[in-house]
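Open the model in your viewer and keep the selection panel at hand. This tour goes from ring pairs to cores, then to the enclosed and open spaces.

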Amino acid sequence: ALPIFGVYAFLWNMLIGGITGIYLSDVPADNYLHGSMYVTAHFHYTLMGAALTGAVAGLSYWYPKMSGRMLHEKASLISFILVQGGFQILYLGMFIAGAEGQPRRVADFATEYATSNMVSTGGAYLIGLGFIILLWAVVHSWRHGDVAPMNPWGSKTLEWTVPYPVPLVNFDTPPVVTSDPYGFGRSEK
């Protein structure tokens, strides 16, 4: 479940990052928002929210191939909820602080931004807790996880045809591809 949740979270975060970037292309709005925390939140939605979320989805998808074991499902789901919830809280607070006028790159901010910064700090702690849980899930699953089947996701791509542990040369002879890797629901002939 975590790989597909990661894909959906990637799309959601990239959408928010893209939509908030539209305001920065408007000259009057950009003039007000340019040096503020709003830009920091927008930037991190596209980098951390999209790229890092996609990387975690990839980790959870290929974990069975890397380790030969399934990732602990409950712990990884709790981690996902904490990280994504914390992420939304963290950067929502930054969007609010930026819209209120808080500049970025300041060591000491005015007290009028204290509430939005406290909200952001709470979100950051949730992200940290979520990644600690994910680290625990990775280590625990590597040692004690359920043995992964050859193709746990029912995928049609070639990497799932290679045995575990992965040999130095994946294929002794080049594989012959006879069907579309995305042809789910079609009968094989």
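Rings of Phe, Tyr and Trp, the last by its six-membered ring, pair if their centres lie within 6.5 Å. This is a predicted model, and the stops below start from that ring rule.

**Stop 1: the ring cluster**

Select Tyr38, Tyr45, Phe87, Tyr91 and Phe95. Ring pairs join these residues into a cluster. Across the model, the count is 10 aromatic pairs.

Now pick out Tyr45 and Tyr91. Their rings make an edge-to-face pair, at 6.1 Å centre to centre and 65 degrees between the planes. Tyr45 belongs to helix H3 and Tyr91 to helix H4, so this pair ties together parts 46 residues apart in sequence. Are the two residues buried or exposed? Both Tyr45 and Tyr91 are buried.

**Stop 2: the stacked pair**

Move to Tyr61 and Trp153. Their ring centres are 6.0 Å apart and the planes are at 15 degrees, so the pair is stacked; the cut-off for stacking is under 30 degrees. Tyr61 sits in helix H3, while Trp153 is in the segment after H5, 92 residues apart, so to speak of a link between distant parts of the chain is apt. Trp153 is partly exposed, with a relative accessible area of 31%. Keep Trp153 in mind for the pockets.

**Stop 3: the nonpolar cores**

Return to Tyr45 and show its surroundings. Leaving aside neighbours within four places in sequence, Tyr45 is in contact with Asn13, Ile16, Gly17, Ala50, Phe87, Gln88, Tyr91 and Phe95.

Next, colour the largest nonpolar core, which has 15 residues. Which residues have the most contacts inside it? They are Tyr45, Tyr91, Met94 and Phe95. H1, H3 and H4 are the elements that give two or more residues to this core. The largest share, six residues, comes from H4.

A second, separate core has eight residues. To find it, select Leu2, Ala9, Leu71 and Val138, which are among its members.

**Stop 4: Gly98 and Thr40**

Select Gly98, in helix H4. Gly98 is buried, with a relative accessible area of 0%. Add Tyr38 and draw a distance between the C-alpha atoms. The separation is 4.1 Å, although Gly98 and Tyr38 are 60 residues apart along the chain. Which other residues does Gly98 touch? Not counting residues up to four places away in sequence, the list is Tyr32, Leu33, Ser36, Met37 and Tyr38.

Then go to Thr40, in helix H3. Thr40 has a relative accessible area of 15%. It counts as buried, because the cut-off is under 20%. Outside the neighbours within four places in sequence, Thr40 is in contact with Met94 and Arg104.

**Stop 5: the cavity**

Turn on a cavity display. The count comes to one cavity of 30 Å³ or more. Its volume is about 150 Å³. Of the 16 lining residues, Thr53, Val56, Val83, Gln84 and Phe131 are the closest to its centre. Select these five to frame the view.

Helix H1 (2-24), helix H3 (37-67), helix H4 (73-100) and helix H5 (114-144) each supply at least two residues of the lining. How many lining residues are charged? There are no charged residues here, with 10 nonpolar and six polar.

**Stop 6: the largest pocket**

Switch to the pockets. The largest pocket holds about 380 Å³ of space. It is lined by 15 residues, and Pro3, Ile4, Val7, Tyr61 and Trp153 lie nearest its centre. Tyr61 and Trp153 are the stacked pair from Stop 2.

H1 and H3 each supply at least two residues of this lining. H3 gives the most, with four. By class, the lining has 11 nonpolar, four polar and no charged residues.

**Stop 7: the second largest pocket**

Finish at the second largest pocket, with a volume of about 150 Å³. Select Ala1, Leu2, Pro3, Ser60, Pro64, Met70, Leu71, Glu73, Ser76, Leu77 and Trp153 to show its lining. Trp153 appears in this lining and also lies among the residues nearest the centre of the largest pocket.

Which element gives the most to the lining of the second largest pocket? H4 does, with three residues. H1, H3 and H4 each supply at least two. The lining divides into eight nonpolar, two polar and one charged residues.

How values were computed
Residues numbered from 1 in each chain as written. Predicted model: local features only at pLDDT ≥ 70, side-chain atom pairs only at ≥ 80, totals over all residues. Heavy atoms only, no water. 1 Å grid on protein atoms, 1.4 Å probe; cavity = no way out; pocket = protein on both sides within 12 Å on 5 of 7 lines; lining within 4 Å. Points joined across faces, edges and corners; volume = space filled by probe spheres on them. Nonpolar A, V, L, I, M, F, W, Y, C, P; charged D, E, K, R; others polar. Buried < 20%, exposed > 50% of the residue type's maximum accessible area, 1.4 Å probe, protein only. Contact = heavy atoms within 4.5 Å. Phe/Tyr/Trp six-rings, centres within 6.5 Å; stacked < 30°, edge-to-face > 60°. Core = buried A, V, L, I, M, F, W, Y, C linked by side-chain atoms within 4.5 Å.
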